[in-house]
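Please look through the structure below with attention to how its helices meet, and then to a few details of its backbone and of a ligand site.

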Amino acid sequence: MEKGTMKKTKSKSRRVFLTGDGAIAEAMRQINPHVVAAYPITPSTQVVETFARFVADGLVDTEFVVTESEHSAMSACVGAAAGGGRVMTVTGSQGLAYMFEVLGVTSGLRLPMVMAIANRALNSPLNIHGDHSDTMAMRDMGWIHLYSENGQEAYDNTVQAFRIAENPNVRTPVLVAIDGFQTSHMVETLTVETDELVKKFIGKYIPSYPMIDIDNPVLYGAADRPDYYMEHKRNQLVGMINAPEVIQQVGKEYGDLTGRYYGLVEEYRMEDAEYAIVVMSATAGSVKDVIEQLREEGVAAGLLKIRAFRPFPADEVAKSLSRTKSVAVLDRCGTGGAQGGPLFLEVRTALYEEKSPPQVINYIFGLGGRDLPLRDIKDVYLRLREIARTGKRGKLVDFLNLRE
Amino acid sequence: MKKQELKKWQELPIGGLILDMGNSSETQTGDWNPNRLVWNEDTCTHCLLCWINCPDASIKVENSKVIGIDDYHCKVCGICVEVCPTKPKSLEIISEEVA
Ligand code: SF4
Ligand code: SF4
């Protein structure tokens, strides 16, 4: 805990009980953005409600724009960010889908803003529960994706996201995702840093080309003909290419202050793992439990948790998994007709250059809030052991906890 | 006007922003139109109604007199033709094949 306090500040970090939504709202209060424009949607509603209360109670200076839809919310965020403000919004699922048109505008204009998302399934059938279909649908919209395992990571990622997005070499919007309900509504004990530490850590925001600087006029959102569009899209990629280094540097700096270090991925018992699961967000917690059980039984199980899905940390993934014998990638999202889930495609591609890559299989799980019991995770490891033993891979893509 | 030099991606400002204000004259915004606007000097009274109504500042004027059309920026919208008071009109749209 001592590590979490800065030299000159007297107050200490606090241990609090908060939901994942509450943890994000608390980070927002400390960040005190210039503008928050949002439209509440389950399961991220509590973030917007709690933050609205902070505004009403005068705890933040934020201009809180209550819009009539998510499309308008993201549009208002674009305007505010182009104006030169530090901006944030919150959404998920259908709300995110409704924002879609503006998501590419945000990243194309290189507007640094942060969007918290409580991951939730997409219609149809209508379902308000958690899975990753919503953010996976926007995986190539030019946003940086950070996924959080629990409330603590939701809080930490929200604070760090501003530093990443606003870095002059990145200048790219960042989304911070938590699992709908599993994390958004679960009350957990977590550490909240002091207001001063967060304020100092994120620093004063210096916008690149604020529109409200009338002495230096600038045009946002010009049209391109075929003679320039490609050059602009290549130029946009610079932020994404620079992001991994910045994400790691910010994660290290944050760790030096709080004791909680962050990278692109988190390896759990991977040093000597023979069988590995790759997964994102809350499910990583369950997998860690299963690993502890299996290790006692002498099974060399490990976990590679992806924190930064975009830009995808291919080198780190390849390095970590190349030592294993077999790998199962758990996607909380359907394949949509692809060769597997989105995470699986990335992981398998990352291993293509390896001399003797492990066998990689894919499981689709947890759609629309479907539970993933620990015994199912255990079965995955046992199958991985069997694949390694026999060399027979079997089905490439399968489902977990599906009635059939 | 000579053909514009196209920039490399490294030379572009971040986010497709345009930082030099009033630089639209550098882009040949009117070169896509298959039609063309022609001006008849003989009937023109230099009332400048076309000049004040043109949305693209494409009526070239010197010393309060029309001197021609800026073909690189005129989009051939016909607004000037509409407002020209002379009979016959001193501005006319012709198709490029004719031109
Ligand atoms: S046709 Fe339109 S753009 Fe061209 S000179 Fe006339 S008013 Fe201007
Ligand atoms: S409106 Fe007609 S008459 Fe008047 S200046 Fe223009 S071209 Fe000449």
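In chain A, α1(A) passes α6(A) in a right-handed crossing, a crossing being right-handed if the near helix is turned clockwise from the far one by less than a right angle, and left-handed if anticlockwise. The contact, meaning heavy atoms within 4.5 Å, is made by G20(A), A23(A), I24(A), A27(A), Q30(A) and I31(A) on the side of α1(A), and by G151(A), A154(A), Y155(A), T158(A), V159(A) and F162(A) on the side of α6(A). These residues divide into 8 nonpolar, 4 polar and no charged, where Ala, Val, Leu, Ile, Met, Phe, Trp, Tyr, Cys and Pro count as nonpolar, Asp, Glu, Lys and Arg as charged, and the others, Gly among them, as polar.

The model is a predicted one, in which local features need pLDDT of at least 70 and side-chain atom pairs count only at pLDDT 80 or more, while totals for chains, interfaces and linings use all residues. Residues are numbered from 1 along each chain as its sequence is written, chains are lettered from A and ligands numbered from 1 in the order in which they are written, and side-chain values use heavy atoms, with hydrogens and water left out.

A second helix pair of chain A is formed by α3 (residues 70–83) and α4 (residues 93–108), which pack at an angle of about 25° with their axes 7 Å apart; the axes are lines fitted to C-alpha atoms, for helices over the stretch in contact, and angles run from 0 to 180 degrees between N-to-C directions. That angle makes α3(A) roughly parallel to α4(A), since angles under 35 degrees count as roughly parallel, over 145 as roughly antiparallel, 65 to 115 as roughly perpendicular and the rest as oblique. The residues of this contact divide into 8 nonpolar, 4 polar and 2 charged.

Chain A as a whole has 12 helices and 15 strands, counted as DSSP runs (H or I, at least four residues, for helices; E, at least two, for strands) and numbered from the N terminus.

The backbone also has some particular places. The peptide bond from N123(A) to S124(A) is cis, with omega near -5°, and S124(A) lies in the loop between β5 (113–119) and α5 (133–137) of chain A.

In chain B, L48(B) has a phi near 70°, a positive value in a residue other than glycine, and is placed in the loop between β1 (35–39) and α1 (49–53) of that chain. L48(B) is also among the residues that come nearest to ligand 2, together with C44(B), C47(B), C50(B) and C84(B), out of 13 around the ligand, a residue being near if one of its heavy atoms lies within 4 Å.
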